[in-house]
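Colleague: Could you walk me through a few spots in this model? I would love to hear the reasoning behind each one.

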Amino acid sequence: MIFYIIFDLSMAVIMFLFGIGFYKSEGKAVRFLTGYNMKSIDERKEYDENAMCKAYGRRMIFMSFPFLVEIIIDICWQGIGCLIAWLVWGVLFILLLVDRHKREK
């Protein structure tokens with residue numbers, strides 16, 4: 001039982017720290033965004049890198065909350081909370097990809 005709680009907590013902390021890192025990077029974390037480095041210099045000038053990093057940082061911080069909520073469920077029903085957290089996180093990740101695809105067109 002303690003494994004699931006520690007695992008959920010560590011995933012929440014990792015996602016939260018990555019989110020804070022992106023949010024406070026002042027646009028420097030943009031190099032970690034998949035596909036952005038493949039764009040030409042002229043295409044990159046069209047984007048506000050600071051705003052992109054802040055948006056992705058907020059999303060990552062938000063993506064840490066399912067793991068925090070599911071710790072409570074794991075206390076009552078071992079493993080169920082972890083499974084639900086990963087499912088919710090997967091849905092949030094897919095929504096992030098869809099939103100990113102719409103913005104880049």
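Colleague: Thanks! Is Val88 buried, partly exposed or exposed?

Modeller: Happy to help, and please keep in mind that this is a predicted model. Val88 lies in helix 5, residues 80–103. Buried would need under 20% relative accessible area and exposed over 50%. Val88 has 34% relative accessibility, so Val88 counts as partly exposed.

Colleague: And how far is the C-alpha atom of Val88 from that of Pro66?

Modeller: Val88 and Pro66 are 22 residues apart along the chain. In space, their C-alpha atoms are separated by 6.7 Å.

Colleague: Let's turn to the surface. Which element gives the largest share of the nonpolar patch?

Modeller: The patch is formed by Leu9, Val13, Phe16, Leu17, Phe62, Phe65 and Leu68, with about 640 Å² of accessible area together. Two elements give two or more residues to it: helix 4 (65–76) and helix 1 (2–23). The largest share, four residues, comes from helix 1.

Colleague: Why does Leu9 count as partly exposed?

Modeller: Leu9 sits in helix 1. The partly exposed class runs between 20% and 50% relative accessible area. Leu9 falls in that class because its relative accessible area is 43%.

Colleague: One more, on a charged residue. Which backbone nitrogen does the side chain of Asp74 reach?

Modeller: Asp74 is in helix 4. Asp74 is buried yet has no salt bridge, and the nearest side chain of opposite charge, Arg59, is 24 Å away. At 3.0 Å, the side chain of Asp74 does reach a backbone nitrogen, that of Gly81.

Notes
Residues are numbered from 1 along each chain as its sequence is written. This is a predicted model: local features need pLDDT of at least 70, side-chain atom pairs count only at pLDDT 80 or more; totals for chains, interfaces and linings use all residues. Side-chain values use heavy atoms; hydrogens and water are left out. Patches are made of residues with over 30% relative accessible area and no salt bridge: like charges are joined within 9 Å, nonpolar side chains (Val, Leu, Ile, Met, Phe, Trp, Tyr) within 5 Å. Accessible areas come from the Shrake-Rupley method with a 1.4 Å probe; for residues, only the protein chains shown count as cover. A salt bridge is a side-chain nitrogen of Lys or Arg within 4 Å of a carboxyl oxygen of Asp or Glu. Buried means under 20% relative accessible area, exposed over 50%, partly exposed in between (1.4 Å probe, protein chains only). Lys and Arg count as positive and Asp and Glu as negative; His and the chain ends are not counted. A polar contact is a pair of N or O atoms within 3.5 Å; within protein, one must be able to donate a hydrogen and the other to accept it, and residues adjacent in sequence count only if both atoms are side-chain atoms.
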